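User: Please take me through this chain in short questions and answers. I would like the reasoning as well as the result.

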Amino acid sequence: MNVMDVVVKNDYCIGCGVCAGVCPKENLKMDWSNKGELIPFTMDLCSDNCSICLDICPFYDHNIDQDDIAHHIFSKGREIKYDKYAGCYIDCHVGYVQDDKKRLKSASGGVATSFLTSLLKKNIVDKVVAVGTSSDDSRMFDFIILNSEEEVNSCAGSVYYPVEISEVLKEILEDKNETKYAVIALPCVVYALRLAMEKIPKLKDKIKLIASLTCGQLQNRFCTELLAVESGIPVERLSKMDFRKKSNNKPSFNYLQVAIDKEGNEGIPLANQELPFHLWYYHYFKQNACNFCDDILGELADVTFMDAWLPEYVKDYRGTSLIITRTSLAQNILKSSDELNLNKIGIEEVLKSQWGVIEKKRVLLKGRLYKKELSNLWHPKKRVSSDVTVYNKNRTFIELTEEVQSLSKELWIKHRLNISTKGFLEDMDNIESKIIKYERKIKLKYLIKLPCNLFKNFLEVLKNGKR
């Protein structure tokens, strides 16, 4: 039995590629599925007694979870603190790189890029593994190995597009020199890497440091294609996408997304908060595995970077970073940097900035797990338990987003080569009507509860005034 028989078959593969990268028989090859997602395909060369692809899959059942691994890796230091959402950590910081050009090129405050270049500058690692432009014509982006500070700087910015790490891992494992690597990836990839490093000593020896970005959800490549068509660039002419172009007349969360064609021409900039439909919130093109992820803040990484989605920072269009450190090495690199403007910030503020994602990955997950159990369907074991109350409370939203997720992938195939998204949106009209109906219901509930809540607050004020 391999990862195809369980994880891929049940639509829990996130397409990280770690399984294909470490397979001793090279039995797995990553390629596009008909859903616009990267998944492993088997070459039918499996050994009967081999289970490594399942042993390292972040969406399979394991005897140890992220909490177990984190405590094993990080809890030896006296300065380590613990939070049930963030895991083990030393400290939290907020800030940005002082060079405005670098800050504007980054997704948030440019701290992650500065940190990675510092690793090279200080000879802590020899190479950095990050997401950059792919050399494969069938992909826009991929994990690549970076050898210099210039190459790291060229990869600054976020990519909301499926990528996988299999070829990079093969190269690392084939490297006969004493090369040390740093890797920056999403939480699911970080989890898979930590599992793989425990199974393969050479990988553990080679990877000196792992950094993570926070993640709310990952859309498939159809989402990028749709944005391109909205931007005025047909899919067959699409070369790349700038997912986080900053605009000085918009807050940092309302960044622009711009498609670029094969001649280097830019399409129409699309403001993130002004897209004509519920692309992110209602899970258009979302990969199903993301519905069953419970790691928001990259709990197994030495350091995690994210946007400072807090009122006092979002007004600055240049972007601001939040950072969680979990090792002394990561902490010292940040503290010794002369490129950064950093201040300490409490973990509660960090959690507040990501609270929407936390609710999705720790609360709504309980309802999704209950639905799977209700249907007697297999799902990966998670750190939260199924909860009928959560399911009943959020049933409409859970079922609505599942329908959007499935239908958007099915219908985009039919319309992807059109010169506009009009036909696709018309085909999605019925589900959009359901969304509108659902939102009206939610607003009505809020308006009904509002007078009661105001009255309760008034009584509380009177009560406190008499003390």
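The questions below cover confidence, sheets, helices, single residues and cysteines.

User: What is the mean pLDDT of the chain?
Analyst: This is a predicted model. Of the chain's residues, 94% reach a pLDDT of 70 or more. The mean for the chain is 91.

User: Which element has the lowest mean pLDDT?
Analyst: At the top of the ranking stands S8, with a mean of 98. The lowest mean is 70. That value belongs to helix H18, residues 429–465.

User: Which strands are the edge strands of the eight-strand sheet?
Analyst: The sheet is open and its pairing is mixed. Its order is S7-S6-S8-S9-S13-S14-S5-S15. An edge strand pairs on one side only, and this holds for S7 (141–146) and S15 (340–344).

User: What does the twist average from one strand to the next?
Analyst: The eight strands are taken in the order S7-S6-S8-S9-S13-S14-S5-S15. From one strand to the next, the twist averages 25°.

User: How many bridges join strand S6 to strand S8, and are the strands parallel or antiparallel?
Analyst: S6 covers residues 127–133 and S8 covers residues 181–185. Val128 has Ala182 as its bridge partner in S8. Val129 has Val183. In total, three bridges join the two strands, which run parallel.

User: In what sense do S6 and S7 pair?
Analyst: Six bridges link S6 and S7. One of the bridge pairs is Gly132 with Asp142 in S7. The sense of the S6 and S7 pairing is antiparallel.

User: At about what angle does helix H13 run to S14?
Analyst: H13 spans residues 328–336. The helix lies across S5 (91–97), S9 (207–213), S13 (303–307), S14 (321–325) and S15. Its angle to S14 is about 140°.

User: Why is one side of S10 and of S12 left without a neighbour in the sheet?
Analyst: The sheet is open, has three strands in the order S10-S11-S12, and its pairing is antiparallel. S10 (238–245) and S12 (270–271) stand at its edges. One side of each is free of a neighbour because each has a single partner strand.

User: Which residue in S12 does Leu256 stand opposite?
Analyst: S11 covers residues 256–261. S11 and S12 pair over two bridges, in the antiparallel sense. Opposite Leu256 in S12 is Ala271.

User: What angle does the direction of helix H11 make with that of S10?
Analyst: H11, residues 221–230, packs on the three-strand sheet. The helix touches S10, S11 and S12. Its direction and that of S10 make an angle of about 90°.

User: How many residues of helix H6 are buried?
Analyst: H6 runs over residues 111–121 and is mostly covered. Its buried residues include Val111, Phe115, Leu116, Leu119 and Leu120. After the helix comes Asn123, with a positive phi near 60°. Of the eleven residues in H6, the buried ones number ten.

User: Is Arg194 buried or exposed?
Analyst: Arg194 sits in helix H9, residues 187–199. Beyond its neighbours within four places in sequence, Arg194 contacts Ile69, Ile73, Phe74, Ile210, Leu300, Ala301 and Asp302. Its relative accessible area is 9%. The cut-off for burial is under 20%, so Arg194 is buried.

User: How far does the backbone oxygen of Ile90 lie from a polar atom of the side chain of Lys81?
Analyst: Lys81 is in strand S3, residues 81–83. Lys81 is partly exposed, at 36% relative accessible area. Outside its neighbours within four places in sequence, its contacts are Gly87, Cys88, Tyr89, Ile90 and Asp91. The Ile90 backbone oxygen and the Lys81 side-chain polar atom are separated by 2.4 Å.

User: What separates the C-alpha atoms of Lys81 and Asp91?
Analyst: Asp91 is one of the residues in contact with Lys81. The two are ten residues apart along the chain. Their C-alpha atoms are separated by 8.2 Å.

User: Why is the sulfur of Cys293 without a bond to that of Cys188?
Analyst: Cys293 is buried, with a relative accessible area of 9%. The closest cysteine sulfur is in Cys188. A disulfide needs the sulfur atoms within 2.5 Å. The sulfurs are too far apart for a bond because the distance is 6.2 Å.

User: How many disulfides does the count come to?
Analyst: Cys46 is in no disulfide, and the nearest cysteine sulfur, that of Cys53, is 5.8 Å away. Cys46 is partly exposed, at 42% relative accessible area. With a cut-off of 2.5 Å between sulfur atoms, the count of disulfides comes to zero.

Definitions and conventions: Residues are numbered from 1 along each chain as its sequence is written. This is a predicted model: local features need pLDDT of at least 70, side-chain atom pairs count only at pLDDT 80 or more; totals for chains, interfaces and linings use all residues. Side-chain values use heavy atoms; hydrogens and water are left out. Helices (H or I, at least four residues) and strands (E, at least two) are DSSP runs, numbered from the N terminus. Buried means under 20% relative accessible area, exposed over 50%, partly exposed in between (1.4 Å probe, protein chains only). Contact means heavy atoms within 4.5 Å. A polar contact is a pair of N or O atoms within 3.5 Å; within protein, one must be able to donate a hydrogen and the other to accept it, and residues adjacent in sequence count only if both atoms are side-chain atoms. Two strands pair if DSSP finds at least two bridges between them. Axes are lines fitted to C-alpha atoms, for helices over the stretch in contact, and angles run from 0 to 180 degrees between N-to-C directions. pLDDT is the predictor's confidence in each residue, from 0 to 100.
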